[in-house]
Amino acid sequence: MSDSFCPDCKKQTEVAFDHSAGDTWRTFANESNDNDPVRVGGPTNPLLTDGGLSTVIAKPNGAQGEFLSSSLGRWQNRGSNPDRSLILAFRTIANMADRLGLVATIKDRANEIYKKVEDLKSIRGRNQDAILAACLYIACRQEDRPRTVKEICSVANGATKKEIGRAKEFIVKQLEVEMGQSMEMGTIHAGDFLRRFCSTLGMNNQAVKAAQEAVQRSEELDIRRSPISIAAAVIYMITQLSEDKKPLKDISLATGVAEGTIRNSYKDLYPYASRLIPNTYAKEEDLKNLCTP
């Protein structure tokens, strides 16, 4: 490597000559007219001490023992980066969010929640996977993009629904004590989950629209069931009136709601079927085809 003139652009710059690739010049110095975004680093992270500009070296696949005994492994294990645990936690949150197809704002919110709890030094000894999953669950709620605990559990690295639920309650309690006020979690509506459930079940557009309208109308009724249970029961009701009927078992698997809970919710909705189901989808006489609870 030396200061030389590039044969193409005639600029003096720090370059390296790659003998293996032939007459190829590779520029390393910054050039005032170079706006190549590939040469720009990633965005800084205000949640990290150094802004996220440091590096955490990942362990090579299948080489954990060799890595720990290597000079790189020994150097990293000395704790030279005070944010190492945070970086790894944020990476786990990002992986879970990506698997669920969540937007960046939800990832950022989950990172903020985790950082607040971690700063309180109150999560030591607790199930880390459950804590991280709970942060993501709360972030989804706060960003008005709620996911069911079952959906979060499916990407939570082994944490159970019960563990995530307990972690969520713990985090909310800790932050409420710290803030001195109740924590805003956002309101859940059955419609928040409906389209995703319908897509999983492969329902056609006409049935999806009818289910969405039925869910909206259900909010005018005094049905004391969880939004997820109502969504599942509405889907069960709508598909009964369709040529493409869905077994209760399939609806249970798609929504994460137990078959018995769907039956009980359907029982509560059944008396209002004529008010819930749009007549563009089913006429009054068609409602006689509905199963009697």
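Visitor: Why is Cys 291 called partly exposed?
Guide: In this predicted model, the relative accessibility of Cys 291 is 39%. Buried would require under 20% and exposed over 50%, so Cys 291 counts as partly exposed.

Visitor: What makes Cys 153 partly exposed rather than buried?
Guide: Its relative accessibility is 21%. Buried means under 20%, so Cys 153 counts as partly exposed.

Visitor: How many disulfides does the model contain, and by what rule?
Guide: The count comes to zero disulfides. A disulfide would need a pair of cysteine sulfur atoms within 2.5 Å.

Visitor: What is the general make-up of the protein?
Guide: The protein has 13 helices and three strands. Of its 293 residues, 39% count as buried. The accessible surface comes to about 17,400 Å², and carbon and sulfur atoms account for 46% of that surface.

Visitor: How many aromatic pairs are there, and why is the pair of Phe 193 and Phe 197 classed as it is?
Guide: The count comes to three aromatic pairs. The ring centres of Phe 193 and Phe 197 are 6.0 Å apart and their planes stand at 15°. The limits are 6.5 Å for the centres and under 30 degrees for stacking, so this pair is stacked.

Visitor: Where do these two phenylalanines lie, and are they buried or exposed?
Guide: Phe 193 and Phe 197 belong to helix 8 (residues 191–201); being four residues apart, they are separated by about one helical turn. Phe 193 has 0% relative accessibility and Phe 197 has 2%. The limit is under 20%, so Phe 193 is buried, and Phe 197 is buried as well.

Visitor: What makes the pair of Tyr 236 and Tyr 266 stacked, tilted or edge-to-face?
Guide: Their centres are 5.0 Å apart, with 75° between the planes. Planes over 60 degrees apart count as edge-to-face, so that is the class of this pair.

Visitor: Why does the pair tie together parts that are 30 residues apart in sequence?
Guide: Tyr 236 lies in helix 10 (residues 227–240), while Tyr 266 lies in helix 12 (residues 259–269). Tyr 236 is buried at a relative accessible area of 15%, and Tyr 266 is buried at 3%. Together with Tyr 270, these two tyrosines form one aromatic cluster.

Visitor: How do you know that the charge of Arg 126 sits over the ring of Phe 170?
Guide: The charged end of Arg 126 is 3.6 Å from the centre of the ring of Phe 170. The distance limit is 6 Å, and the charge must also be within 35 degrees of the ring normal; the arrangement is classed as a charge over the ring.

Visitor: Which residues touch the most other members of the largest nonpolar core?
Guide: Of its 39 residues, these are Met 203, Val 234, Ile 235, Ile 238, Ile 277, Tyr 281 and Leu 290. Helices that each supply at least two residues include helix 8, helix 9 (205–218) and helix 11 (248–255). Helix 10 gives the largest share, nine residues. A second, separate core of 37 residues includes Ala 133, Cys 135, Tyr 137 and Leu 175.

Visitor: What makes Gln 240 buried, and which residues does it touch?
Guide: Gln 240 lies in helix 10. Its relative accessible area is 7%, and buried means under 20%, so Gln 240 is buried. Residues up to four places away in sequence aside, Gln 240 touches Lys 245, Tyr 266, Asn 289, Leu 290 and Cys 291.

Visitor: Why does Arg 145 count as exposed?
Guide: Its relative accessibility is 54%, and exposed means over 50%, so Arg 145 meets the limit. Arg 145 is placed in the loop between helix 5 (128–142) and helix 6 (149–153). Its C-alpha atom is 8.9 Å from that of Phe 193, 48 residues apart along the chain.

Visitor: What is notable about the phi angles of Lys 121 and Asn 157?
Guide: Most residues other than glycine have a negative phi. Lys 121 has a positive phi of about 55°, and Asn 157 likewise has a positive phi of about 55°; neither is a glycine. Lys 121 is in the loop between helix 4 (104–119) and helix 5, and Asn 157 is in the loop between helix 6 and helix 7 (161–179). At 48%, Lys 121 is partly exposed; at 47%, Asn 157 is partly exposed.

Key
Residues numbered from 1 in each chain as written. Predicted model: local features only at pLDDT ≥ 70, side-chain atom pairs only at ≥ 80, totals over all residues. Heavy atoms only, no water. Buried < 20%, exposed > 50% of the residue type's maximum accessible area, 1.4 Å probe, protein only. Areas by Shrake-Rupley, 256 points an atom, 1.4 Å probe, with all protein chains shown as cover. Core = buried A, V, L, I, M, F, W, Y, C linked by side-chain atoms within 4.5 Å. Contact = heavy atoms within 4.5 Å.
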